Amino acid sequence: MRLSSYLLPTLKESPADAEITSHKLTMRAGMIRKAAAGIYTYLPFGLRSVRKVEQIVREEMEKAGALEVLMPMVVPAELWQESGRWEQYGKELLRLTDRKNSEFCLSPTHEEVITDVVRGTVRSYRQLPINLYQIQTKFRDEIRPRFGLMRGREFIMKDAYSFDLDDAGADASYERMFQAYQNIFRRCGLDFRAVEADTGNIGGTASHEFMVLADSGEDAIVSCDSCAYAANVEKAQMRTEPGTVAEATQELRLVDTPGRRSVEEVAQFLAVDPACLIKTLLVQTDSGERLAVLVRGDRELNEIKLCRLLGCNEVFMLDDDGVTAMTGAPVGFAGPVGLDCRILADLEVEFIRDGVTGGNCADRHYMGVNPGRDFTVEQYADLRSAEAGDGCPRCNGTLQMWRGIEVGHVFKLGTKYSEAMKATVLNKEGREVPLVMGCYGIGIGRTVAAAIEQHSDDNGIIFPMPIAPFQVLITLLNPKDEAVLAAGEKLYDQLRRAGVEVLLDDRDERPGKKFKDADLIGIPIRVTVGGRGLKQGEFEVYMRASGEQKMLALDKTATWLIDEVNRQLAG
């Protein structure tokens with residue numbers, strides 16, 4: 001491809017609404033252009049990278065035994081009503097009505113559609129297992145689309161769905177897909193972790209997220225420094241050290257803490273460790289129940305764990321008026337002593353002795369507080385968020401904290417959708433049983449964006465070879481020089497004949513402009529063709545990732561480049 005006839009509209013400056021690296025660089029490198037909030041057009045350069053990821057996905061799906069299909073994006077409401085999600089899904093589901101007043105939605109995910117397909121075509125256990133996938137555009141009406149391809153409303157996704165006769169078969173399908181995902185992200189050249197995760201709106205019994213490690217990641221994850229355990233903080237467990245409940249040594253007493261509301265302020269004023277404080281959080285469930293949840297002063301409540309314990313979908317922190325109504329005190333002075341409501345507490349709270357809590361009156365706290373003696377906890381459970389330094393729940397190792405970008409998610413769905421939609425097969429005994437399902441998603445555009453977050457520098461993108469739009473860039477310093485043009489085109493033809501994807505920068509631009517663009521667009525290998533080098537019988541080769549430069553003889557360069565491209569593709 002010749003750059004002089006290629007659409008690659010690079011920008012010197014980042015758009016004003018671009019906040020993170022990948023958004024800035026995909027815009028500046030001429031990969032995408034904004035059509036509306038959270039909706040983008042892929043330009044030729046960006047689309048080439050997307051297609052590379054898609055090809056890797058297709059190859060690994062085929063190896064895992066999955067079959068490609070293509071489902072409609074516009075889906076009738078009846079299917080979502082069958083599963084119950086028409087009412088459950090929030091405003092992210094874009095609903096529409098056709099000229100006959102029939103209701104439809106732009107599908108953000110396709111569990112209902114694929115279940116409908118399979119229940120109408122698969123009748124016997126002999127047809128199982130089956131795994132169907134597609135690569136298709138989805139739409140979720142995000143309230144705050146941002147970060148370019150990272151959180152758009154319209155996006156390209158690979159979604160796969162497995163169907164098995166029983167749990168054992170479903171586990172085997174899940175493991176095949178888990179390994180396929182490992183292969184996909186490894187082949188894309190990404191540093192990632194597969195972490196245990198909450199199942200969220202999709203539902204099911206278990207799930208893993210695939211997280212690309214990047215400082216800009218929206219998700220916090222932990223991983224063990226000694227074993228393979230890793231989890232999203234929403235799901236992460238910690239090792240609970242065996243302990244004994246010590247005897248209380250202090251009497252309960254109220255003390256003045258004028259204007260001290262936060263844990264830090266109270267701990268400093270009373271000269272105690274924040275870990276001695278019992279933080280009282282007053283919450284309301286989506287069913288309207290109000291209760292108190294206790295965590296150690298230096299810990300944070302994990303609302304996902306709390307919801308799981310309570311069997312609800314969401315909890316809300318009470319506002320100032322709600323706190324006062326329950327405690328008689330302003331925010332910052334709530335405590336469990338004398339509180340007339342259900343009380344739950346994190347496991348660590350049970351072992352606090354002679355602690356500190358709010359006094360349920362303004363500007364006062366209790367000291368000498370002891371659980372069991374001074375208040376009653378209905379249930380102790382793991383309700384805190386994991387932090388760096390916590391013990392691993394699987395071994396004697398220590399948890400480390402990372403930031404991650406979710407690029408893939410695999411779920412064990414069980415029979416949630418098959419039971420709701422009556423998707424059954426006849427088993428060996430001739431009895432109808434519901435299909436056991438799994439679902440598996442990859443954000444294609446998001447994977448490209450995550451790669452850029454992980455592989456870039458101050459000058460631009462540094463594409464891993466397997467997903468680079470082109471593998472080699474040939475930069476002609478002066479295309480008007482016949483010798484330079486002839487040498488560059490000869491190398492260009494040699495590489496193309498060998499199957500190397502090469503971009504020839506034959507533009508009539510200053511060398512400085514060409515080099516800046518080369519760094520910005522991040523093609524892995526750049527070959528510079530100039531008059532001085534030709535006189536010495538050499539091409540200059542520059543490796544974008546390492547910054548290594550070398551001079552190669554004219555007649556050796558093509559062979560070296562072909563071998564290097566293949567080496568990097570092989571990993």
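These legends go with four close-up views of a predicted model.

**View 1. Helix 2 packs against helix 11.** Let's start with a pair of helices. Helix 2 spans residues 44-63 and helix 11 spans residues 444-454. Their axes lie 9 Å apart and meet at an angle of about 115°. Angles of 65 to 115 degrees count as roughly perpendicular, and helix 2 and helix 11 are therefore roughly perpendicular to each other. The crossing of helix 2 with helix 11 is right-handed. Which residues of helix 2 meet helix 11? Look for Ser49, Val50, Val53, Glu54 and Val57 in helix 2, which meet Ile444, Thr447 and Val448 in helix 11. Sorted by class, the residues of this contact of helix 2 with helix 11 are five nonpolar, two polar and one charged.

**View 2. The second largest pocket and its lining.** Helix 2 turns up again here, as one of the elements around this pocket. The second largest pocket holds about 470 Å³ of space, and 24 residues line it. To find its centre, look for Arg187, Met465, Pro466, Gln568 and Leu569, the lining residues that lie nearest to it. Helix 2, helix 6 (167-187) and helix 15 (554-570) each give at least two residues to the lining of this pocket. That lining divides into eleven nonpolar, seven polar and six charged residues.

**View 3. The largest cavity, with helix 11 contributing to its lining.** Now for the enclosed spaces: the model has two cavities of 30 Å³ or more. The largest cavity has a volume of about 50 Å³. What lines the largest cavity? Its lining is made up of Gly38, Tyr40, Tyr42, Gly148, Leu149, Gly152, Glu154, Phe155, Gly445 and Arg446. At least two lining residues come from each of strand 2 (39-42), strand 8 (154-164) and helix 11. You have met helix 11 already, as the packing partner of helix 2. By class, the lining of the largest cavity has four nonpolar, four polar and two charged residues.

**View 4. The second largest cavity and its lining.** We finish with the other enclosed space. The second largest cavity contains about 40 Å³ of space. Around the second largest cavity you will find Leu473, Ala518, Asp519, Ile523, Arg526, Tyr542 and Arg544. How many polar residues does the lining of the second largest cavity have? There are no polar residues in this lining, which has four nonpolar and three charged ones.

Definitions and conventions
Residues numbered from 1 in each chain as written. Predicted model: local features only at pLDDT ≥ 70, side-chain atom pairs only at ≥ 80, totals over all residues. Heavy atoms only, no water. Axes fitted to C-alpha atoms, helices over the stretch in contact; angles between N-to-C directions. Helix = DSSP H or I, 4+ residues; strand = E, 2+ residues; numbered from the N terminus. Parallel < 35°, antiparallel > 145°, perpendicular 65-115°, else oblique. Left-handed = near helix turned anticlockwise from the far one by under 90°. Contact = heavy atoms within 4.5 Å. Nonpolar A, V, L, I, M, F, W, Y, C, P; charged D, E, K, R; others polar. 1 Å grid on protein atoms, 1.4 Å probe; cavity = no way out; pocket = protein on both sides within 12 Å on 5 of 7 lines; lining within 4 Å. Points joined across faces, edges and corners; volume = space filled by probe spheres on them.
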